[in-house]
Amino acid sequence: MLAISNTLVEGRNGTHESTIDAYCEEIDRIAQKEKPDLIVLTEHWHNMTNPPMALEDKFVTYDHPAVTRIAEKAKKYGCYISGSWHILENGNRYNRALLFDRNGEIMVVMTQTPESFHDFAQAGH
């Protein structure tokens with residue numbers, strides 16, 4: 001079964017942490033009710049804050065608590081979780097889709113180049 005988190009969940013204090021908390025609650029709700037094989041999070045889910053974060057604050061590394069918490073949810077519920085992430089790696093910004101396997105390991109990383117992300121950011125998105 002596929003479950004798509006189509007609920008826009010915003011953190012309330014302009015931080016990653018508040019948004020991560022809200023989405024982890026959404027994952028718990030979906031996983032307990034639907035018992036899906038795959039949960040798909042919304043585009044750039046971890047940056048949905050109110051007020052909005054500055055562009056430079058939107059990027060996370062692979063050891064960021066958001067990555068760890070989503071990995072833990074995938075393992076806890078034995079399901080795949082996919083989502084779009086703003087990743088900072090080696091000083092470069094990437095727009096990446098990560099797929100966590102049932103053991104909470106990152107099994108797929110899809111990447112746009114830093115240049116394509118730069119174009120995206122310059123367009124005001």
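Glu17 lies in helix H1. This residue offers a convenient entry into the structure, which is a predicted model. With a relative accessible area of 45%, Glu17 is partly exposed, because that value falls between the limits of 20% for buried and 50% for exposed residues. Glu17 also shows how the chain brings separate segments together: Glu17 and Ala66 are 49 residues apart in sequence, yet their C-alpha atoms are 7.6 Å apart in space.

The helix that holds Glu17 may be considered next. H1 has 19 residues, and at 1.5 Å a residue it should span 27 Å; its end C-alpha atoms are 26 Å apart, which agrees with that expectation. Many residues of H1 are buried, including His16, Ile20, Tyr23, Cys24, Ile27 and Ile30. Polar residues also appear in the buried group, among them Ser18, Thr19, Glu26 and Asp28.

Beyond the end of H1 the backbone takes a turn that deserves attention. Lys35 is located in the loop between H1 and strand E2, which covers residues 38-40. What is the sign of phi at Lys35? The angle is positive, about 50°, although Lys35 is not a glycine. Most residues other than glycine have a negative phi. Lys35 counts as exposed, because its relative accessibility is 62% and the limit for exposed residues is over 50%.

The second helix, H2, covers residues 65-77. H2 has 13 residues and reaches 18 Å from its first C-alpha to its last, close to the 18 Å expected at 1.5 Å a residue. Its buried residues are Ala66, Val67, Ile70, Ala71, Lys73, Ala74 and Tyr77. Why can these residues be assigned to the same side of H2? They cover an arc of only 160° around the axis, and therefore they are on the same side of the helix. A general property of helices is helpful here: an α-helix has 3.6 residues a turn, so residues three or four places apart point the same way. On the other side of H2, Lys75 and Lys76 are exposed. The buried residues of H2 pack against H1, E3, E4 and E5. After H2 comes Gly78, with a positive phi near 60°.

The strands may now be followed in order. Strand E3 (residues 80-89) and strand E4 (residues 92-100) run antiparallel and are joined by nine bridges. Within this pairing, Ser84 stands opposite Ala97. E3 and E4 form a hairpin with two residues between them. Asn90 lies in the loop between these two strands, and its phi is positive, about 55°, although Asn90 is not a glycine. At 74% relative accessibility, Asn90 counts as exposed.

Strand E4 also pairs with strand E5 (residues 106-111), again in an antiparallel manner, and five bridges join the two. Two examples illustrate this pairing: Arg96 stands opposite Thr111, and Leu98 has Val109 as its bridge partner. The hairpin of E4 and E5 has five residues between the strands, and Gly104 there takes a positive phi near 85°. In a regular strand the side chains alternate between the two faces of the sheet.

The helices and strands meet in the interior. The largest nonpolar core has 23 residues, and those that touch the most other members are Ile39, Leu41, Trp45, Ile70, Ile81, Trp85 and Phe100. The elements that give two or more residues to this core are H1, H2, E3 and E4. Ile70, already described among the buried residues of H2, is thus one of the residues with the most contacts to other core members.

Two further members of that list, Trp85 and Phe100, also form an aromatic pair. How many aromatic pairs does a search of the whole structure find? It finds one. The ring centres of Trp85 and Phe100 are 6.2 Å apart and their planes meet at 55°, so the pair is tilted. Because Trp85 lies in strand E3 and Phe100 in strand E4, the pair ties together parts that are 15 residues apart in sequence. Trp85 counts as buried, because its relative accessibility is 1%. Phe100 likewise counts as buried at 1% relative accessibility.

How values were computed
Residues are numbered from 1 along each chain as its sequence is written. This is a predicted model: local features need pLDDT of at least 70, side-chain atom pairs count only at pLDDT 80 or more; totals for chains, interfaces and linings use all residues. Side-chain values use heavy atoms; hydrogens and water are left out. Two strands pair if DSSP finds at least two bridges between them. Helices (H or I, at least four residues) and strands (E, at least two) are DSSP runs, numbered from the N terminus. A nonpolar core is a set of buried Ala, Val, Leu, Ile, Met, Phe, Trp, Tyr and Cys residues joined through side-chain atoms within 4.5 Å. Buried means under 20% relative accessible area, exposed over 50%, partly exposed in between (1.4 Å probe, protein chains only). The expected span of a helix is 1.5 Å times one less than its number of residues. The arc is that of the directions from the helix axis to the C-beta atoms. Contact means heavy atoms within 4.5 Å. Rings of Phe, Tyr and Trp (its six-membered ring) pair if their centres lie within 6.5 Å; planes under 30 degrees apart count as stacked, over 60 as edge-to-face and the rest as tilted.
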